Amino acid sequence: MKLSPLFWPIQLKGNAIYILDETALPQKIKYIKVTNYQQACLAIREMKTRAVGQVTLVFYTFLQALNQRKNLKQVAQAINASRPTLPFKVLTDMVLGWEKRRAPLEKYILGFLEKLKQARIKQAQEAAKLIKNNDVILTHCNVSGLMPLIGDFARKQNKKISFFVTETRPYLQGSRLTAWELQRAHFPVTIITDNAVSQVMSEGKISKVIVGADNLACNRDIANKIGTYQIAILAKYFKIPFYVLCPPVSKAKSGKCIRIEIRPDKELLEYRGIRLAPYGVKAYYPAFDITPRKLITKHIYLKV
């Protein structure tokens, strides 16, 4: 089965990491060369890669730092500080724990990455079981190659499905990434504005919602791309199943314990260097919101 480039967007060649630049898609497929952990952290902060790309980048960064004989605690601190909402500390603590036990670190990291890859494939298989023939699936933002994979598994089960994709402001991950990879996989795709969800649902065009999650709290609340919460509320109102592709549980007790990342004003006021708003106005851009567990029909867990 052919995987989307977004499914595993990080590569380690020699002592250099190559990151699929998601900000360049769909116009071109381009990779950024990273030679140290500071550059890796900058790529995370600048959203050059996100979701599973940031997770895999953490582990490849440790592999690179190990080869460069860097202090892994310093590497971990830099990674943990890169984006507050994402539970990187769970990952960095895992690596530092292996180091403390004097485990063969390279073997453990590569083994974990292979388990992660296989777990993502199984997660897509589990999601495909929930899909019925002729379902129209609404998704928000991008889940790093999982949506076309879910579609492929459903197609192998002789289910015809199509997708509605929110544009996902302000980075347009829905328009640029999700629509692109679904079209490459030959699925019908319709893009809608973020604020059209209620109208589209009221017209009966959506049968299921499937989204990802960047953080899963112990009580099963989730943090995901801003806009997810309101879609969950609408799905509940219109009695549409709302499914979440979840990462492993974090240390947050509930959604209230997850710190929401506030991104720079510029990301909302400009797009690719073009000013969208009058000079002098302010912007408020929380990059994530919290969806309570009571709004989620089913969590589809990543079992690593």
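This report covers a parallel sheet, three helices and the cysteines of a predicted model.

## Basis

The model is predicted: local features need pLDDT of at least 70, side-chain atom pairs count only at pLDDT 80 or more, and totals for chains, interfaces and linings use all residues. Residues are numbered from 1 along each chain as its sequence is written, and side-chain values use heavy atoms, with hydrogens and water left out.

Helices (H or I, at least four residues) and strands (E, at least two) are DSSP runs numbered from the N terminus.

## The sheet

Six strands, in the order β6-β5-β4-β7-β10-β14, make up an open sheet with parallel pairing; two strands pair if DSSP finds at least two bridges between them. At the edges are β6 (189-192) and β14 (298-301), each of which pairs on one side only. Ignoring direction, neighbouring strands of this sheet are turned by 25° against each other on average. Axes here are lines fitted to C-alpha atoms, for helices over the stretch in contact, and angles run from 0 to 180 degrees between N-to-C directions.

Four bridges join β7 (residues 208-212) to β10 (residues 242-246) in the parallel sense. Val 209 has Phe 242 of β10 as its bridge partner.

## Helices on the sheet

Helix α7 (residues 173-184) packs on the sheet and touches β4 (136-139), β5 (162-166) and β6; contact means heavy atoms within 4.5 Å. The direction of α7 makes about 165° with that of β5. Helix α9 also packs on the sheet, touching β4, β5, β7 and β10, and its direction makes about 145° with that of β10.

The buried residues of α9 (residues 228-237) are Thr 228, Ile 231, Ala 232 and Ala 235. They cover an arc of only 100° around the axis, which places them on the same side of α9; the arc is that of the directions from the helix axis to the C-beta atoms. Buried means under 20% relative accessible area, exposed over 50%, and partly exposed in between (1.4 Å probe, protein chains only). Just after α9, Lys 239 has a positive phi of about 60°.

## Helix α2

Of the 16 residues of α2, 13 are buried, so this helix is largely enclosed by the rest of the structure. Arg 69, which follows α2, has a positive phi near 60°.

## Cysteines

The count of disulfides is zero, a disulfide being a pair of cysteine sulfur atoms within 2.5 Å. The sulfur of Cys 246 lies 13 Å from the closest cysteine sulfur, that of Cys 218, which is too far for a bond. Cys 246 is buried, with a relative accessible area of 2%. Cys 41 counts as buried at 3% relative accessibility.
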